[in-house]
Amino acid sequence: MTESTDNNSVMKLNRKQTLALNTIRATKGRFFGLETTQGEVVNAQFLGETSTYITIFDRNGRYNRSIAKTSLASVNSSK
């Protein structure tokens, strides 16, 4: 039996979080607006992900940070 490589199989994300994560992956290195469930708004650039976290570059604070996938609220991206 092969194990699933789908990142959502490790943790249960709701529909809104899954859509936000797919939008983040589609930014292809461009900056986007990210809102967390804690109410924080970040101008970010996607750097990578693990099964539970995404790594972003915070453009305002000028540093890299990890955010839990379960704390994603919404993403604003220009396409």
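## A helix on a five-stranded open sheet

Residues 24 or more positions apart account for 44% of the contacts in the protein chain with a separation of 6 or more. Please keep in mind that this is a predicted model. The protein chain holds one helix and five strands, and along the sequence they come in the pattern α-β-β-β-β-β. Let's start with the chain as a whole, then walk through the sheet, the helix and three buried residues.

**The chain as a whole**

- Of the 79 residues in the protein chain, 30% are buried.
- The chain exposes an accessible surface of about 5,200 Å², and carbon and sulfur atoms contribute 47% of that surface.

**The sheet**

- The five strands make an open sheet, ordered S4-S3-S2-S1-S5, with antiparallel pairing.
- Strand S4 (63-68) and strand S5 (72-76) are the edge strands, each pairing on one side only.
- On average, and with direction ignored, neighbouring strands of this sheet are turned by 45° against each other.
- As general background, strands of a sheet pair through backbone hydrogen bonds, in either a parallel or an antiparallel way.

**Hairpins and strand pairs**

- S1 and S2 are joined in the antiparallel sense over five bridges, and one bridge links Glu-35 to its partner Val-41 in S2.
- These two strands, S1 and S2, form a hairpin with four residues between them, and Gly-39 in its turn has a positive phi of about 95°.
- Strand S2 (residues 41-49) also pairs with strand S3 (residues 53-58), again in the antiparallel sense and over five bridges.
- Ala-44 has Asp-58 as its bridge partner in S3, while the partner of Phe-46 in S3 is Ile-56.
- S2 and S3 form a hairpin too, here with three residues between the strands.

**The helix and how it sits on the sheet**

- Which residues of H1 are buried? They are Gln-17, Ala-20, Leu-21 and Ile-24.
- Viewed down the axis of H1, these buried residues fall within an arc of 100°, so they line one face of the helix.
- The buried residues of H1 pack against S1, S2, S3 and S5.
- At the N-terminal end of H1, Asn-14 acts as a cap, with a side-chain oxygen 3.2 Å from the backbone nitrogen of Lys-16.

**Leu-72, in an edge strand**

- Leu-72 belongs to strand S5, one of the edge strands.
- Its relative accessibility is 2%, so Leu-72 counts as buried, the cut-off being under 20%.
- Leaving aside neighbours within four places in sequence, Leu-72 is in contact with Gln-17, Ala-20, Leu-21, Ile-24, Leu-34, Glu-35, Thr-37 and Ile-54.
- Among these partners, Gln-17, Ala-20, Leu-21 and Ile-24 are the buried residues of H1.
- Leu-34, another partner of Leu-72, is 38 residues from Leu-72 in sequence, yet the C-alpha atoms of the two are 7.7 Å apart in space.

**Asp-58 and Arg-65, two buried residues in contact**

- Is Asp-58 in strand S3 buried or exposed? With a relative accessibility of 6%, Asp-58 counts as buried.
- Beyond its neighbours within four places in sequence, Asp-58 is in contact with Val-42, Asn-43, Tyr-63 and Arg-65.
- Asp-58 is also the bridge partner of Ala-44.
- Arg-65 lies in strand S4, and Arg-65 is buried, with a relative accessible area of 18%.
- What does Arg-65 touch, not counting residues up to four places away in sequence? The list is Glu-40, Val-42, Ile-54, Thr-55, Ile-56 and Asp-58.
- With one of these, Glu-40, the side chain of Arg-65 makes a polar contact of 2.9 Å.
- Val-42 is in contact with Asp-58 and is touched by Arg-65 as well.
- Ile-54 is touched by Arg-65 and is in contact with Leu-72.

**To take away**

- The protein chain combines one helix with five strands, and the strands form an open sheet with antiparallel pairing.
- H1 turns its buried residues toward S1, S2, S3 and S5, against which they pack.

Technical notes. Residues numbered from 1 in each chain as written. Predicted model: local features only at pLDDT ≥ 70, side-chain atom pairs only at ≥ 80, totals over all residues. Heavy atoms only, no water. Buried < 20%, exposed > 50% of the residue type's maximum accessible area, 1.4 Å probe, protein only. Contact = heavy atoms within 4.5 Å. Areas by Shrake-Rupley, 256 points an atom, 1.4 Å probe, with all protein chains shown as cover. Pairing = 2+ DSSP bridges. Axes fitted to C-alpha atoms, helices over the stretch in contact; angles between N-to-C directions. Arc of directions from axis to C-beta. Polar contact = N/O pair within 3.5 Å; in protein donor to acceptor, adjacent residues only side chain to side chain.
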